[in-house]
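Trainee: I have a two-chain model open. Where do I start reading?
Mentor: Start with the fold, then turn to the contact between chains.

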Amino acid sequence: MLYREAGDFKTNYVADSQTFPIKFDRYGYYFLLGFAFLVMPLIINDYWANSIVVPFLIYTIAALGLNILIGYCGQLSLGTGAFMAVGAYASYKLMTAFPELNIVFVVVFAGIVTAAVGVLFGLPSLRIKGFYLAVATLAAQFFLIWLFTRQPWFYNYSPTGMISAPQRELFGVAVTGPRASAVAMYMFCLCFLVSLAWLARNLTRGTLGRQWMAIRDMDIAAEIIGVNPLMAKLTAFAVSSFFVGIAGALLFTVYLGAAEAGEAFGIDKSFLVLFMVIIGGLGSIFGAFAGAAFLIIGPVLLKLLLVNTLGWPTDLAAHLEIMIIGALILGFLILEPHGIAALWRTIKEKLRLWPFPY
Amino acid sequence: MSDTLLFALEATLNGLTAGVMYALVALGFVLIFKASGIFNFAQGVMALFAALTLVGFQSGQVPFSHLINAIFGTKLHHFGWNMPTVLAIPATVLVMIALAILIERYILKHLVNQEPIILFMATIGLAYLLEGLGDVMWGAEVKALDVGLPKGMSGAVDDMTFAWFGYGFYIDRLELWAAGIAAVLVASLTVFSQYTKQGRALRAVADDHQAALSVGISLRFIWVLTWSIAGIVALVAGIMWGSKSGVQFSLSLIALKALPVLILGGFTSIPGAIIGGLIIGVGEKLFDFFMQPVIGGATENWFAYMLALVFLLFRPQGLFGEKIIERV
């Protein structure tokens, strides 16, 4: 009763092919957008922005990107951390080389640079498959991080090896650098997230997305029915890396402010984003949001519970936290291997009948 | 002989011994992949966990002492006795077997017939769980592990090479021992899988799960068996690496060293793991030796992966892996 597709008639093609064809979904989406753009800026404070909301927005972008690669195109990648580093270092080089360049263009160009690097490291996927490919993408992870920590050109010969984001303004409001306010950071990231999520949703519904899914389901069969595997795989790598690169650029410029490649973009970041995609649900845009929310909010809650409420020492709490996260991941995989998105689908099935079970 | 050549030769020898250490870790991966088709990312953490447990038993630490202290406000830390190594190693083996049984009962059993990527993610979850568990149980500080293996420069090799070339090679005695132990391990694994009933069952499962089930082999028992063996291999690797560089979190990162070895040799081949290890060990030492002046140091972080990638482009299933046959 609450959720239903029936009775939602369309009288023209535009209405039928809109992004959210079901009315309930559409209104829910408008409501969320309204809440995110109108209400959140009023109630957000520094603590919430820094510990939950901004990382959530940024990691959702990364999870969207990785979901395109793994969930839609079926190419397992463990190099996400390094691609985020490419985005971060590209934005740093652009910001320092062209101080006049608008920060929006900096972030977008950083994404484009990452897309190019992603295509380069995606080339082996034409010959290598499955876990062999996953390990091959680790080559990207270790090589790129080595490049950014050992070759001084990338960090402008700074003596510490760190890169730090100078202040940049958008419409007269600082969005990067130490003086950026929580609201500015939030709105900046939110705009990127909303436009990229819209892009991802529509790409995956279109020709390109269907080609990716054909490759994922069975690449040889897809090739026989006329999908070009070269184009499909490389576009997936390009689009995915574009998203991940933007996430990296935002993480560095807006959220961290200063970063060192090995520390901020190590292999644990690759796994973190991978977990988000798996826990959220492979091949689902909603899943990327849900997975990121779960893995950003979970540790914060655990820390609040263990350190602030129970008063345990922080190192013990940190170890327990790793353990509990591991157990949660295992529990999730056992109970619902297809992630939170599958859970949501089940809920929708139930809501369709509720409150009358027949 | 010229000096450069001698240095290169020494680097090669060091690479060979380092390669054996990589192969030790890779062996555990291959065992589990063959028997259950699971790419076990937790192998490195299992090595760390085994080494931590061994040190804990040796020094008589109270397990979970931090946690107990935090909850009850006590000040527990040690039992006050030291277990001799001959007792501590079997005790650790028992812990690893118990761990294998728990993993089978609470994780693998529920994930039968899932896609490989889900199983792979489960092992990453397991890696986190074990890493946290090891830290909570035994504490996270760096510990020295000493099981009585010799360390330091090998005098015999030094003297011999000095007599031959007029230049003594530096080779760690520990790594010579590791090579010997790895050889014994591989030999005993081969004997086990060729000549014992359980070993044959293991190979049958590796070959075809359903056919093995239909002739009455218990899949669950075989899984426990494989994970136990992998746990013991992890213990050996943990002892070797722990003696070399102390027992600490970075020990679990040796899994990342073993992955290129694995794809180079092929996921399903035990000789592949050994030969892959040797190729990577020698390759990265020589590359570092010749390229350090040109592009800077610390190349061993990525060189192994690049080498494996280049090999893969020519043989997508690794050097010794089973040929991948694809049908629509």
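Trainee: How many helices and strands does chain A have?
Mentor: This is a predicted model. In chain A, 15 helices and 4 strands make up the secondary structure.

Trainee: What radius of gyration does chain A have, set against a compact globule?
Mentor: Compare the value with what chain length suggests. A compact globule of 358 residues would come near 21 Å, and chain A has 21 Å, so the two agree. The C-alpha trace of chain A spans about 70 × 55 × 45 Å along its principal axes.

Trainee: What share of chain A is buried?
Mentor: Burial is a neighbour count: 20 or more other C-beta atoms within 10 Å. In chain A, 46% of the 358 residues count as buried. Then look at sequence separation. Of the chain A contacts between residues at least 6 apart, 76% join residues at least 24 apart.

Trainee: And chain B: how many helices and strands?
Mentor: Chain B has 13 helices and 0 strands. Of its 328 residues, 44% count as buried. Among chain B contacts with a separation of 6 or more, 73% come from residues 24 or more positions apart.

Trainee: Now the interface. How many residues does each chain bring to the contact?
Mentor: Chain A brings 36 residues and chain B brings 39 residues. On the chain A side, helices H6 (130-150), H9 (219-224), H12 (267-280) and H14 (314-335) each supply at least two residues. H14(A) gives the most, with 13 residues.

Trainee: Which residue classes make up that side of chain A?
Mentor: Sort by class. The side of chain A that touches chain B holds 31 nonpolar, 2 polar and 3 charged residues.

Technical notes
Residues are numbered from 1 along each chain as its sequence is written. Chains are lettered from A and ligands numbered from 1 in the order in which they are written. This is a predicted model: local features need pLDDT of at least 70, side-chain atom pairs count only at pLDDT 80 or more; totals for chains, interfaces and linings use all residues. Two residues are in contact if their C-beta atoms, placed from the backbone, lie within 7 Å. Ala, Val, Leu, Ile, Met, Phe, Trp, Tyr, Cys and Pro count as nonpolar, Asp, Glu, Lys and Arg as charged, and the others, Gly among them, as polar. The radius of gyration is taken over C-alpha atoms; the globule rule is 2.2 Å times the number of residues to the power 0.38. A residue is buried if 20 or more other C-beta atoms lie within 10 Å of its own, exposed if 12 or fewer, and partly exposed in between; C-beta atoms are placed from the backbone.
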